[in-house]
Amino acid sequence: MNRETVVAEALDLLDEVGLDTVSTRRLAKRLGVEQPSLYYHFRTKGDLLAAMAAAAMAPHADAPLPSPEDDWRAWFLANSRSFRRTLLRHRDGARLHAGSTPTGDLDRIRHKMAFLVASGLPERDAQMAMLATGRFTVGCVLEEQAEQADTGSTDGQDLPPDVPALDHEAAFEAGLALILDGLAQRTLPG
């Protein structure tokens, strides 16, 4: 049993039972080990959750970085969509990610920021746009996953007939377009 195996099994457990029910006791039983043996790899449950969050974000963290010739708008949309898809890969993925610190991802974040600034965005606006879009995305996915947990679907089946069901992807895209439109107005000439 190594750290990667423990994290992979913990993510599988998360998908089966949800974040509220993940425990080191359940994980140890799943792995066929005594609970204290998990502390060899993770001192606390918080350490385990942080490792789970980092592993769950791997698909987004491994996405290609922008190149100088890329259109910043197209990249911004693709980056935000990748983040959303990654959060949706695991049950309670947004809750697992919320509040985590991307310490292992700082070079990638710096590269993305430098790309946006080189594309004509003021540095502070680029920072705030990335932060706001990240939080917007986490919030959208939190709502979507909460609805899935409550009803087992996202089709709005419990709504009154005169209230249209929310299309989570369409709502995300609409909000993302508003953020991008606002950011585009802040680009520097040149």
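**Entry 1: a salt bridge between two helices**

I began with E173 and R81, which form a salt bridge in this predicted model, their closest N and O atoms being 2.8 Å apart. The pair links distant parts of the chain, since E173 belongs to helix α9 and R81 to helix α5, 92 residues apart. I then looked up how open the two partners are: E173 is partly exposed, with a relative accessible area of 24%, and R81, at 31%, counts as partly exposed as well.

**Entry 2: other salt bridges**

I noted that the structure holds nine salt bridges, and I followed some of them. R186 forms one with D125, with the closest N and O atoms 3.6 Å apart; R186 lies in the segment after α9 and D125 in helix α8 (residues 123-151), so this pair ties together parts that are 61 residues apart in sequence. D125 has a relative accessibility of 19% and therefore counts as buried, the cut-off for that word being under 20%. I also found the side chains of R73 and D71 meeting in a salt bridge at 3.6 Å, N to O; R73 is partly exposed at 34%, and D71 is partly exposed at 39%. Elsewhere, E9, E16 and R30 are linked in a network of salt bridges.

**Entry 3: helix α9**

I checked the length of α9, which runs over residues 168-184: at 1.5 Å a residue its 17 residues should span 24 Å, and because its end C-alpha atoms are 24 Å apart, the two values agree. Which residues of α9 are buried? I listed H168, F172, G175, L176, L180 and L183, and these cover an arc of only 140 degrees around the axis, which puts them on the same side of the helix. An α-helix has 3.6 residues a turn, so residues three or four places apart point the same way. At the N-terminal end of α9, I saw that D167 acts as a cap, with a side-chain oxygen lying 3.1 Å from the backbone nitrogen of E169.

**Entry 4: the nonpolar cores**

I turned next to the largest nonpolar core, which has 19 residues, and noted that L11, L14, L27, L48, M52 and L96 touch the most other members. The elements giving two or more residues to this core are α1 (3-17), α2 (24-31) and α3 (45-56), and the largest share, seven residues, comes from α1. For L27 I looked up the contacts beyond four places in sequence, and they are V6, E9, A10, L13, L38 and L48. A second, separate core of 15 residues includes F76, A126, F172 and L180.

**Entry 5: T86**

Is T86, in helix α5 (residues 72-88), buried or exposed? I found that T86 counts as buried, because its relative accessibility is 4%. Its side chain reaches the backbone nitrogen of H60 at 3.4 Å, and, leaving out residues up to four places away in sequence, T86 touches A56, M57, P59 and H60.

**Entry 6: M1**

I ended at M1, which lies in the segment before α1 and, at 48% relative accessibility, counts as partly exposed. Apart from neighbours within four places in sequence, M1 is in contact with V6, L31, V33, S37, L38 and H41. I also took the distance from M1 to D15, which is 20 Å, C-alpha to C-alpha, for two residues 14 apart in sequence.

Key. Residues are numbered from 1 along each chain as its sequence is written. This is a predicted model: local features need pLDDT of at least 70, side-chain atom pairs count only at pLDDT 80 or more; totals for chains, interfaces and linings use all residues. Side-chain values use heavy atoms; hydrogens and water are left out. Helices (H or I, at least four residues) and strands (E, at least two) are DSSP runs, numbered from the N terminus. The expected span of a helix is 1.5 Å times one less than its number of residues. Buried means under 20% relative accessible area, exposed over 50%, partly exposed in between (1.4 Å probe, protein chains only). The arc is that of the directions from the helix axis to the C-beta atoms. A polar contact is a pair of N or O atoms within 3.5 Å; within protein, one must be able to donate a hydrogen and the other to accept it, and residues adjacent in sequence count only if both atoms are side-chain atoms. A nonpolar core is a set of buried Ala, Val, Leu, Ile, Met, Phe, Trp, Tyr and Cys residues joined through side-chain atoms within 4.5 Å. Contact means heavy atoms within 4.5 Å. A salt bridge is a side-chain nitrogen of Lys or Arg within 4 Å of a carboxyl oxygen of Asp or Glu.
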